[in-house]
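Please open the structure in a viewer and keep the selection panel at hand. The tour below proceeds by selections, each followed by a description of what is found there.

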Protein chains: 2
Amino acid sequence: MTTAQGTWKERKRPTRLERRFEFSDYEETREFLESLADISEATGRYPDISFGRTHVSLTIQADEATGVIADDQRDFARRVDEIAAAEPAMA
Amino acid sequence: MTTAQGTWKERKRPTRLERRFEFSDYEETREFLESLADISEATGRYPDISFGRTHVSLTIQADEATGVIADDQRDFARRVDEIAAAEPAMA
């Protein structure tokens, strides 16, 4: 069962939020990755990130202890959406 | 059948080179990712990269046309080894 938070997909087993972003060139991809790194350092949250030349995929795993996606993890996802909205991503 | 180039692993189906790096903190991880981005821009080669707070994994796919890992792809792997050697990575 998938519920999209914004365009995040919430998946089960294990519970996680996933989102993929597409970019028109590597420069945009790199700028987005820089912004993500800044959010990670500001929040102490480090999602699993995979990327290539023009795509970035993020996975925010549920809290290990509770198995639930915590509010501050959803906040992290929202901050990612904000920087994506500021980028001309075609996601 | 796995042959390690340095500590790259060469895998089959599909043919590719893989290597994982571990770091002691996110700052080191971020520096390494920056250096990788510089090599990608310099060579026009963009491996599949996934990372978390203290690890980075790279996959260099074989050339789509030939199905073989080309010399310049191996050169890319060597350049990655050089920057890793310059970092205090515990890979």
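Begin with chain B and chain A shown together; the rule finds six salt bridges across their interface. The model is a predicted one. Over all chains, the structure holds 20 salt bridges.

**The interface as a whole**

Select the residues of each chain that touch the other: 16 residues of chain B are in contact with 16 residues of chain A. About 1400 Å² is buried between chain B and chain A, and 53% of that area is on carbon and sulfur atoms. Between chain B and chain A, eight residue pairs are in polar contact. On the side of chain B that touches chain A, helix H1 (26-43) and strand S4 (48-51) of chain B each supply at least two residues. H1(B) gives the most to this side, with eight residues. By type, the residues of the side of chain B that touches chain A are seven nonpolar, three polar and six charged.

**The paired strands**

Next, select residues 48-51 of chain A, which form strand S4, together with S4(B). The two strands pair in the antiparallel sense over three bridges. Within this pairing, display Phe51(A), which stands opposite Ile49(B) in S4(B).

**Salt bridges between the chains**

Side chains of opposite charge can pair when their charged atoms come close. Select Glu41(A) and Arg30(B), which form a salt bridge whose closest N and O atoms are 2.8 Å apart. Glu41(A) lies in helix H1 (residues 26-43) of chain A and Arg30(B) in helix H1 of chain B, so the pair joins two chains. Is each partner buried or partly exposed? Glu41(A) is partly exposed, with a relative accessible area of 41%, whereas Arg30(B) is buried at 14%. Now add Arg30(A), Glu34(B), Asp38(B) and Glu41(B), which are joined into one network by salt bridges that share partners. Inside this network, look at Asp38(B) and Arg30(A): they form a salt bridge, with their closest N and O atoms 2.8 Å apart.

**Salt bridges within chain A**

Turn to Glu18(A) and Arg11(A), whose side chains meet in a salt bridge at 2.6 Å, N to O. Arg11(A) is partly exposed, its relative accessible area being 28%. Then select Arg20(A) and Glu22(A); their side chains also meet in a salt bridge, at 2.6 Å from N to O. Arg20(A) counts as partly exposed at 43% relative accessibility, and Glu22(A) is partly exposed with a relative accessible area of 30%.

**A buried loop residue in chain A**

Centre the view on Thr15(A), in the loop between strand S2 (8-11) and strand S3 (16-22) of chain A. Thr15(A) has a relative accessible area of 17%, and because this is under 20% it counts as buried. Which residues does Thr15(A) contact, leaving aside its neighbours within four places in sequence? They are Glu10(A), Gln61(A), Ala62(A), Gly67(A) and Ile69(A). Add Ile60(A) as well: Thr15(A) and Ile60(A) are 45 residues apart in sequence, and 8.9 Å apart in space from C-alpha to C-alpha.

**A buried acidic residue in chain B**

Finally, select Asp81(B), which lies in helix H2 (residues 71-86) of chain B. Asp81(B) counts as buried, at 18% relative accessibility. Apart from its neighbours within four places in sequence, Asp81(B) is in contact with Trp8(B) and Arg19(B). Display these residues together to end the tour.

Methods. Residues are numbered from 1 along each chain as its sequence is written. Chains are lettered from A and ligands numbered from 1 in the order in which they are written. This is a predicted model: local features need pLDDT of at least 70, side-chain atom pairs count only at pLDDT 80 or more; totals for chains, interfaces and linings use all residues. Side-chain values use heavy atoms; hydrogens and water are left out. Contact means heavy atoms within 4.5 Å. Buried area is the accessible area (1.4 Å probe) that two parts lose on being put together, summed over both. A salt bridge is a side-chain nitrogen of Lys or Arg within 4 Å of a carboxyl oxygen of Asp or Glu. A polar contact is a pair of N or O atoms within 3.5 Å; within protein, one must be able to donate a hydrogen and the other to accept it, and residues adjacent in sequence count only if both atoms are side-chain atoms. Helices (H or I, at least four residues) and strands (E, at least two) are DSSP runs, numbered from the N terminus. Ala, Val, Leu, Ile, Met, Phe, Trp, Tyr, Cys and Pro count as nonpolar, Asp, Glu, Lys and Arg as charged, and the others, Gly among them, as polar. Two strands pair if DSSP finds at least two bridges between them. Buried means under 20% relative accessible area, exposed over 50%, partly exposed in between (1.4 Å probe, protein chains only).
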